[in-house]
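Please open the model in your viewer, choose a cartoon display, and keep the selection tool at hand. The tour goes from one selection to the next and says what can be found at each stop.

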Amino acid sequence: MEFENKIVLVTGASRGIGYEIAKMFSNKGAIVVGTSTNKLGISKIEKIFKKNVFAMKLDVSNFQNIKKFFEKFYNKFNNIDILVNNAGIIKDNLLIRMKIDDWNQVLQINLHSIFYISKIVVYRMLKKKFGRIINISSLIADSGNIGQSNYSTSKSGLIGFSKSLAREVASRNITVNVVSPGFIKTDMTKKMDCLRKREILKSIPMNRFGEAKEVANVVLFLASEKSSYITGETIHINGGIYMR
């Protein structure tokens, strides 16, 4: 198997897209470390995944938490081949009503933490001259959305960050790419009311929401040798609702 014995870190792996990504890497033989912020998420990872998947608690709200996490991570695995930055949150509201804390928290978790994590991981990848970094953005990064100025800012900033990092590390056989999902069947979309769902479906040429496994398939491609000459790119998975 292509990913056999490759060490993969997937943040936010207890549900949705992160869950499918971790599971698919596991099925392909990788040693997967999935993270969650709480005991319930850790329990889900431990109960559902195979023996080659490990659950670790990670709170990305500040650099010290992340630094302590990687001390434990490297003490156990001493290596990393593939990083998937998937963890993220939403705190939606119109700008005029948005609390400063909600703006700061979304930027901290969705963008600043990617800088912290990547800074630590890239150091190891540069030393061994190999690495794959895949960052999960969103359709909203390009389209914008009412009530999501904080989320859109964080996800579009992630794209700019990824392009710059890709240029910095390309000569060392490290690729950095972005996967930008549209409306995917997750807990978030399940909570939408029927009227809102119908409105969205009218805008999607394929007339359906995507599956988490369809996002995971692209992530695995970008982590594989098949994508060895692709870096700094953003791949959209949205059924045609947004075309560049």
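What follows is a walk through a predicted model, beginning with its sheet and ending with some single residues.

**The sheet**

Start by selecting the strands, and look for an open sheet that seven of them form in the order β3-β2-β1-β4-β5-β6-β7, with parallel pairing. In general, the strands of a sheet pair through backbone hydrogen bonds, either parallel or antiparallel. Which strands lie at the edges, pairing on one side only? These are β3, residues 53-57, and β7, residues 234-237. If you look along the sheet, you can see how neighbouring strands are turned against each other, by 20° on average when the direction is ignored.

**Strand β6 and its partners**

Next, select β5 (residues 131-136) together with β6 (residues 174-181), a pair that runs in the parallel sense and is joined over six bridges. Two places help you to follow this pairing: G131 stands opposite I174 in β6, and N135 stands opposite V178 in β6. Then add β7 to the selection, since β6 and β7 run parallel as well and are joined by four bridges; here V179 has I235 of β7 as its bridge partner.

Now keep β6 alone and show its side chains. How many of the eight residues of β6 are buried? Eight of the eight are, so this strand is largely enclosed by the rest of the structure. Both faces are covered, with I174, V176, V178 and S180 buried on one side, and T175, N177, V179 and P181 buried on the other.

**Helices on the sheet**

Bring the whole sheet back and add helix α3, residues 63-77, which packs on the sheet and touches β1 (7-10), β2 (31-36) and β3. The direction of α3 makes about 155° with that of β3. Then add α4, which also packs on the sheet, where α4 touches β4 (82-85), β5 and β6, and where its direction makes about 170° with that of β4.

**Helix against helix**

With α4 (residues 100-128) still selected, add α6 (residues 149-169), and compare the two axes, which are 8 Å apart and at an angle of about 15°. Angles under 35 degrees count as roughly parallel, and that makes α4 roughly parallel to α6. The crossing of these two helices is right-handed. To see the side chains that meet, select residues of α4 including W103, L107, L111 and F115, and residues of α6 including Y151, L158, F161 and L165. By class, this contact of α4 with α6 has 13 nonpolar, seven polar and two charged residues.

Move on to a second pair, α1 (residues 16-27) and α9 (residues 212-223), whose axes are 8 Å apart and which pack at an angle of about 50°. That makes α1 oblique to α9. The crossing, in which α1 passes α9, is right-handed. On the α1 side the contact is made by G16, I17, E20, I21, M24 and F25, and on the α9 side the residues to select include V215, V219 and L220. Sorted by class, the contact of α1 with α9 has 10 nonpolar, two polar and two charged residues.

**Single residues**

Select F73, which has its place in helix α3. Is F73 buried or exposed? F73 is buried, because its relative accessible area is 0% and buried means under 20%. Leaving aside neighbours within four places in sequence, F73 is in contact with I7, L9, V33, M56, N78, N79 and I80. One of these, L9, is 64 residues away from F73 along the chain, yet their C-alpha atoms are separated by 9.6 Å.

Then go to N86, in the loop between β4 and α4, which counts as buried at 13% relative accessibility. Apart from neighbours within four places in sequence, N86 is in contact with T11, G12, I17, G18 and I136.

The last stops concern the backbone. Most residues other than glycine have a negative phi. N5, in the segment before β1, has a positive phi of about 70° although it is not a glycine, and N5 counts as exposed at 56% relative accessibility. K129, in the loop between α4 and β5, is also not a glycine and has a positive phi, near 60°.

Methods. Residues are numbered from 1 along each chain as its sequence is written. This is a predicted model: local features need pLDDT of at least 70, side-chain atom pairs count only at pLDDT 80 or more; totals for chains, interfaces and linings use all residues. Side-chain values use heavy atoms; hydrogens and water are left out. Axes are lines fitted to C-alpha atoms, for helices over the stretch in contact, and angles run from 0 to 180 degrees between N-to-C directions. Angles under 35 degrees count as roughly parallel, over 145 as roughly antiparallel, 65 to 115 as roughly perpendicular and the rest as oblique. A crossing is left-handed if the near helix is turned anticlockwise from the far one by less than a right angle, and right-handed if clockwise. Contact means heavy atoms within 4.5 Å. Ala, Val, Leu, Ile, Met, Phe, Trp, Tyr, Cys and Pro count as nonpolar, Asp, Glu, Lys and Arg as charged, and the others, Gly among them, as polar. Two strands pair if DSSP finds at least two bridges between them. Buried means under 20% relative accessible area, exposed over 50%, partly exposed in between (1.4 Å probe, protein chains only).
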